[in-house]
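Welcome, and please open the viewer with side chains switched on. We will go from one selection to the next and look at what is there.

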Amino acid sequence: MKIGVLAAGITPDALLSEYPTYAEMFAQQISALEPSLTFEIFDVRLDEFPESTDSCDGWLITGSKSDAYGDDPWILKLCEFIREVDTKGQVLVGICFGHQVIARALGGRVAKFDGGWGVGVHHYQVLEEIPTLPAMEQVAFCAFHQDQVLEKPEKMTTYLTSEFCEHAGLIYKDQILTFQGHPEFSKAYESELIDMYDGVKLTQEVAAKARQTVEQDSIQNQQLMAWIGQFLVAKG
């Protein structure tokens, strides 16, 4: 089964020598858990789109520094691609920007959140009993975002939520699965991002609180990445 990774963003240049790209993070981590899956990466930022939605068996959209509500030609083209994937009933996973742009394409609303940046390890309540979801009432993993899904698409169900982010995870049947946070980010990578943006996009106070969560809180990346892999395989 081949999964197309639609790379909407890339690891910052300063960190590329130490860390894989966002698309590579998913390909490497998921294939280690689900060897039956193969991956092909398309850099949609550069208008490198698949020939058709039938080019792969399923799709995953990465995070990005771009705004999911923007009208850049590649973002509008990506929205059309998402709608076609949805119409055909193909499996689709979205992370951060991917979560947001899927929501936008399917009728939701995305905007900058008045509450500011969500950075560090965030804890989310699991709202829905989902057969393929590991049995847990709460889950924690890294986040790095200012934009949020403020209104979800009518067809999708919110399965993760927190006081900071109401629609932190969205699901539609066995077809679409999205996360606002980053199950692919290690604590080490999250720490590097915090240091890079401290005093730039993040206030020193926000950065300090985020560092504290990274140092003290446990994350469930392994369980979540395994779930993403199982979700992709089950549909295929």
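## Stop 1: a buried aspartate

Start by selecting aspartate 43, which counts as buried because its relative accessibility is 14%, under the 20% cut-off. This is a predicted model, so please read each stop as a description of a prediction. Now add arginine 45 to the selection: the two side chains form a salt bridge, with the closest N and O atoms 2.8 Å apart. Arginine 45 has a relative accessibility of 29% and therefore counts as partly exposed.

## Stop 2: from strand to strand

Next, select aspartate 147 and lysine 112. What is the distance between the closest N and O atoms of this salt bridge? They are 3.4 Å apart. Colour strand 8 (residues 147–151) to see where aspartate 147 lies, then strand 5 (residues 109–112) for lysine 112; the pair therefore ties together parts that are 35 residues apart in sequence. Is aspartate 147 buried or exposed? At 7% relative accessibility, aspartate 147 counts as buried, while lysine 112, at 39%, counts as partly exposed.

## Stop 3: along a helix

Move on to helix 5, which covers residues 204–216. Select lysine 209 and glutamate 205 there, and you will find their side chains meeting in a salt bridge, 3.4 Å from N to O. The two residues are 4 apart in the helix, which means that about one helical turn separates them. Show the surface around glutamate 205 as well: this residue is exposed, with a relative accessible area of 54%.

## Stop 4: a network

Now pick Asp54, Glu84 and Lys88 together. A network of salt bridges links these residues. If you would like to keep exploring such pairs on your own, the structure holds 14 salt bridges.

## Stop 5: a buried threonine

For the last stop, select threonine 158, which sits in strand 9 (residues 157–161). With a relative accessible area of 10%, threonine 158 is buried. Which side chain does the side chain of threonine 158 meet in a polar contact? The partner is histidine 167, at 2.7 Å. To see the surroundings, leave out residues up to four places away in sequence and display what threonine 158 touches: Leu127, Glu128, Lys152, Glu166, His167, Gly169 and Leu170. His167 thus appears in the list of neighbours as well as in the polar contact.

Notes. Residues numbered from 1 in each chain as written. Predicted model: local features only at pLDDT ≥ 70, side-chain atom pairs only at ≥ 80, totals over all residues. Heavy atoms only, no water. Salt bridge = Lys/Arg side-chain N within 4 Å of Asp/Glu carboxyl O. Buried < 20%, exposed > 50% of the residue type's maximum accessible area, 1.4 Å probe, protein only. Polar contact = N/O pair within 3.5 Å; in protein donor to acceptor, adjacent residues only side chain to side chain. Contact = heavy atoms within 4.5 Å.
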